[in-house]
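Here's a short set of exercises to work through with the model open. Try each task before you read its solution.

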Amino acid sequence: MLNFTKPLYPLLLSSVKSDPETAHRQMLKTLSNLEINRHSVWGNLAIKQLEKSFCIRDSRLQQTLWGLNFNNPFGLAAGFDKDGTAAGMWSSFGFGFAELGAVTLHSQSGNPRPRMFRLPEDKAALNRMGANNLGAAVMADTLAQTWRRQPRKIPIGINLCKSKIAALEEATADYVGSFQYLQDVADYFVINVSSPNTPGLRSLQGGEQLEPILSGLQTANTNSKPILIKIAPDLEWEDIKDILNLATSYNLSGVIATNTTISRDRLNTKILKETGKSIQDEAGGISGFPVKERSTEVIRFIYQETGGKLPIIGVGGIFNAEDAWAKIIAGASVLQVYTGWVYEGPWMVNNVLSGLLAKLDEKGLDNIKDAVGLEH
């Protein structure tokens with residue numbers, strides 16, 4: 001039998017060696033084409049081969065959150081599939097869930113290229129994409145067509161961001177507009193007020209500006225979809241406390257910790273070779289290994305502050321099972337990956353899940369949910 005997974009690995013890794021954005025687009029185009037042709041002989045065969053290579057099924061990894069069934073706790077983070085063009089494919093790579101976007105109400109081209117860079121010395125990425133996407137209406141149509149071909153097999157989330165052209169005082173209407181387009185084609189939603197690549201966006205993490213957004217979304221949330229908030233790793237502890245208080249007041253379903261960091265501390269990369277400029281002078285957010293410890297600290301803090309009652313999606317610097325386990329025992333119910341998956345390749349999901357099962361055996365635990373917050 002032909003192994004359809006072999007061409008995907010070099011395609012993924014080529015993003016480290018060549019222009020990352022071009023490689024990224026090519027991979028999504030390949031996966032979208034495969035998904036559209038999933039009912040053809042070759043499409044069905046290819047998808048089965050992917051699932052054979054990457055998927056792990058084990059009841060010990062299963063849990064229910066927000067009324068949604070997660071086959072495993074390892075998901076794809078927002079930013080990888082901005083327009084949902086490959087939404088129907090992520091379950092075939094072994095992910096337990098996937099988050100699409102960030103999507104904005106108005107289509108936008110994002111920042112000038114180049115805008116995505118690999119920092120291999122740091123096992124990191126620098127991105128200043130600027131939430132480039134085709135807009136909420138286009139994503140809604142794309143997903144409706146996808147789910148007609150194949151009902152979704154895993155929970156699908158959508159990350160909502162403010163359109164660049166929307167003034168801060170128009171943010172509520174902007175977020176609500178996107179949500180209204182998309183609420184019927186996804187399982188949960190994320191309020192992104194923490195990307196460093198939309199001017200002024202992080203100021204919305206403050207209580208006065210965040211409150212009307214939360215109120216507007218919950219008013220529009222007629223189907224009672226879980227709504228979470230994604231926070232930056234650079235916030236002070238008091239600011240995180242304020243967000244948690246608002247999350248409780250407006251019945252948010254959870255927190256994603258964390259987004260990319262604007263910090264450049266302790267980076268081994270000094271000069272960005274693509275531009276010849278100091279990394280300190282380059283705009284954008286850093287993901288991957290440099291954010292690993294801070295995101296785990298934030299997870300730990302949120303878990304302690306809420307007594308473990310507010311579910312946390314942990315993301316930032318996961319490359320292996322040890323990294324994943326550290327975030328789970330700190331308090332994360334489920335996890336997300338982006339940069340680590342690019343560096344480690346698509347077999348990473350299988351490796352991490354196998355490692356988590358070994359950890360459960362080692363600790364004598366029956367289910368992954370028993371490990372959540374274990375260090376506390």
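**Exercise 1.** Find where T258 sits in this predicted model, then work out what is unusual about the peptide bond between A257 and T258.

*Solution.* Step one: go to the stretch between strand 10 and strand 11, because T258 is in that loop by the DSSP runs. Step two: check omega for the bond joining A257 to T258; it comes out at about 10 degrees, a cis peptide bond. Step three: put that in context, since most peptide bonds are trans.

**Exercise 2.** Which kind of element holds A102, and what is omega for the bond joining G101 and A102?

*Solution.* Start with the element: A102 belongs to strand 4, which covers residues 97–103. Now for the bond: G101 and A102 are linked by a cis peptide bond, with omega of about 10 degrees.

**Exercise 3.** Take T260: is this residue buried or exposed, and what does it touch?

*Solution.* First, place T260 in the loop between strand 10 (254–257) and strand 11 (271–272). Next, look at accessibility: the relative accessible area of T260 is 10%, and the cut-off for buried is under 20%, so T260 is buried. Finally, list contacts, skipping residues up to four places away in sequence: T260 touches N127, P196, R202, P233, D234, G285, I286 and S287.

**Exercise 4.** Do the same for N197, then see what UniProt says about N197 and T260.

*Solution.* Begin with location: N197 is in the loop that runs between strand 8 (188–192) and helix 6 (207–220). N197 has 10% relative accessibility, so it counts as buried too. Leaving out residues up to four places away in sequence, its contacts are N111, N127, R128, M129, G130, G284 and G285. Now the record: an unreviewed UniProt entry puts the feature "binding site" at K82, N192, N197, N259 and T260. In the model, K82, N192, N197, N259 and T260 are included in the lining of the largest cavity.

**Exercise 5.** W66 and S224 each have a positive phi without being glycine. Where are they, and how accessible is each one?

*Solution.* Recall the background: most residues other than glycine have a negative phi. Take W66, with phi of about 55 degrees. W66 sits in the loop between strand 1 (63–65) and strand 2 (68–70), and at 22% relative accessibility W66 is partly exposed. Then S224, with phi also about 55 degrees: S224 lies in the loop between helix 6 and strand 9 (227–231). Its relative accessible area is 61%, over the 50% cut-off, so S224 is exposed.

Terms used. Residues are numbered from 1 along each chain as its sequence is written. This is a predicted model: local features need pLDDT of at least 70, side-chain atom pairs count only at pLDDT 80 or more; totals for chains, interfaces and linings use all residues. Side-chain values use heavy atoms; hydrogens and water are left out. UniProt positions are given in the numbering used here, feature names are shortened, and annotations may be inferred rather than shown by experiment. On a 1 Å grid over the protein atoms alone, a cavity is a set of points where a 1.4 Å probe fits but cannot get out, and a pocket is an open set with protein on both sides within 12 Å along at least five of seven lines; lining residues have an atom within 4 Å of a point. Helices (H or I, at least four residues) and strands (E, at least two) are DSSP runs, numbered from the N terminus. Buried means under 20% relative accessible area, exposed over 50%, partly exposed in between (1.4 Å probe, protein chains only). Contact means heavy atoms within 4.5 Å.
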